[in-house]
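Let's take a friendly walk through a protein model, looking at a few of its contacts along the way. Have the structure open beside you as you read.

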Amino acid sequence: MTPSARIQAAIEILDEVIASARDDGPPADAIVQRYFKTRRYAGSKDRRAVRELAFRAIRRSGERPESGRAAMLGLTDDDPMLLDLFDGSPHGPAFYDAAEDKAAASAVPHWIRSLLSSHVTPGEWPALLERAPLDLRVNIARASRENMVGQFPGSIPTRLSPWGLRLAPDSRIDDHAAFVDGLVEVQDEGSQLIALACQPADSMRILDLCAGAGGKSLALAAAAPGADVIASDTNRARLAQLPGRAGRAGVTIATRLIDGGREAAQLADLEGRCDIVLVDAPCSGSGTWRRNPEGRWRLTRERLDRLVNLQARLLDLAAPLVTPGGALVYATCSIVGAEGADQARNFLGRHSSWKVQDVPFAGGRADGPGRLLTPGHDSTDGFFVARLVKS
């Protein structure tokens, strides 16, 4: 592919990403993969170059651009030499017209800025879009972090999580023996700290209420092999991934597929019987913008309001399941106050017998009843976590 053809390919990919973000379709990574499946002529260098151009444009624009061309033209403000590639060549983009709109550079959409936690000041915004490292969680039921460091050249122990290793962003581990054998899992350090906040111990019954594909359930089971860990979710496809992952890790996790709207009835047998209930609730994902920068284009105020209402309902659903003296650990991968500190405060206002207990790690900053981890302060994904204890 010529340099101009690479620009045109990036524009076409960006058009698809913009439409997908608007219509809640597949993520940018999937769109890039699909694009090149039907274009076998593109070599590996072409694919890497086009992908890099597309993601540079995505990271640069906090607001959803009007088109892929506008997004790519925006990049020319940072790299003027790119403008020469809008040359009207057969496989390249049309000539640039000075009257055309260029996507403006911004890290955070304007509408959400006032809704962020007060800790996430403009000085922290650039870190929200930096490329994230690859973090691994060592399966401490079967291996030690000290032994695993030597298995991954260039890895370093994570600063806050006692279970983690940090690798460079482009590291590939899919075919590494330690991954294949279930000795490590890919998991951001912040996500590991959420499991740590549960303080799992043998003989506990632990319910991961919104387990998804089970990353935190796996961490809980590895930390406390004698615990009764139950993973539940309403998403069949995601939950179906867990048994295979658990088998590879050598841990036992029960799964429950529950129906949306019938959760209380289907979990009634656990009422008052769970030592820990983890509510890692569906959220805006604003804490993962450095991994999924087009997530900024998907989020709207209406969607955020729906998520906040769902989070409150899940907390109220979880509360009766906790045994007296047990804990409800609430977490969101979000830097939005309404999904974090405000949500935990509102829960305590509705449930006066519950008390706040600090989480057992040093990272983050106090944020209302919980703690907030951010990329700029902690070099993790953005997470709010609160540990709430039932009297």
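Arg 6 is a good place to begin: its relative accessibility is 24%, so Arg 6 counts as partly exposed. Keep in mind as you go that this is a predicted model.

**Salt bridges**

Which residue does Arg 6 pair with in a salt bridge? The partner is Asp 46, and the closest N and O atoms of the two are 2.9 Å apart. Asp 46 belongs to helix H3 and Arg 6 to helix H1 (residues 3-23), so this pair ties together parts that are 40 residues apart in sequence. Asp 46 is buried, since its relative accessible area is 8% and the cut-off for buried is under 20%.

The whole structure holds 28 salt bridges. Here are three of them, including the one you have just met.

| Acidic residue | Basic residue | Closest N and O atoms |
|---|---|---|
| Asp 46 | Arg 6 | 2.9 Å |
| Asp 135 | Arg 166 | 2.8 Å |
| Asp 316 | Arg 350 | 3.1 Å |

The salt bridge between Asp 135 and Arg 166 links distant parts of the chain, with Asp 135 in strand S1 and Arg 166 in strand S3 (residues 164-167), 31 residues apart. Are these two residues buried or exposed? Asp 135 is buried at 1% relative accessibility, and Arg 166 is buried with a relative accessible area of 17%.

The salt bridge between Asp 316 and Arg 350 joins helix H13 (residues 301-318) to helix H14 (residues 341-350), and its two residues are 34 residues apart. Here Asp 316 is partly exposed, with 31% relative accessible area, and Arg 350 is partly exposed too, at 38%. Elsewhere, Arg 60, Asp 77, Asp 78 and Lys 102 are joined into one network by salt bridges that share partners.

**Two helices that cross**

Now find helix H2 (residues 28-37) and helix H3 (residues 44-60), whose axes come within 11 Å and cross at roughly 150°. Their crossing is right-handed. On the H2 side, the contact is made by Ala 28, Asp 29, Val 32 and Phe 36, while H3 brings Arg 47, Val 50, Arg 51, Phe 55 and Ile 58. Six of these contact residues are nonpolar, three are charged and none is polar.

**A tryptophan in a loop**

Finally, look for Trp 125 in the loop between helix H4 (68-78) and strand S1 (134-138). Trp 125 is buried, with a relative accessible area of 15%. Beyond its neighbours within four places in sequence, Trp 125 is in contact with Ala 107, Val 108, Arg 113, Leu 116 and Val 120. The C-alpha atoms of Trp 125 and Val 108 are 7.1 Å apart, although 17 residues separate the two along the chain. A polar atom of the Trp 125 side chain also lies 3.4 Å from the backbone oxygen of Thr 121.

Note on methods: Residues numbered from 1 in each chain as written. Predicted model: local features only at pLDDT ≥ 70, side-chain atom pairs only at ≥ 80, totals over all residues. Heavy atoms only, no water. Axes fitted to C-alpha atoms, helices over the stretch in contact; angles between N-to-C directions. Helix = DSSP H or I, 4+ residues; strand = E, 2+ residues; numbered from the N terminus. Left-handed = near helix turned anticlockwise from the far one by under 90°. Contact = heavy atoms within 4.5 Å. Nonpolar A, V, L, I, M, F, W, Y, C, P; charged D, E, K, R; others polar. Buried < 20%, exposed > 50% of the residue type's maximum accessible area, 1.4 Å probe, protein only. Polar contact = N/O pair within 3.5 Å; in protein donor to acceptor, adjacent residues only side chain to side chain. Salt bridge = Lys/Arg side-chain N within 4 Å of Asp/Glu carboxyl O.
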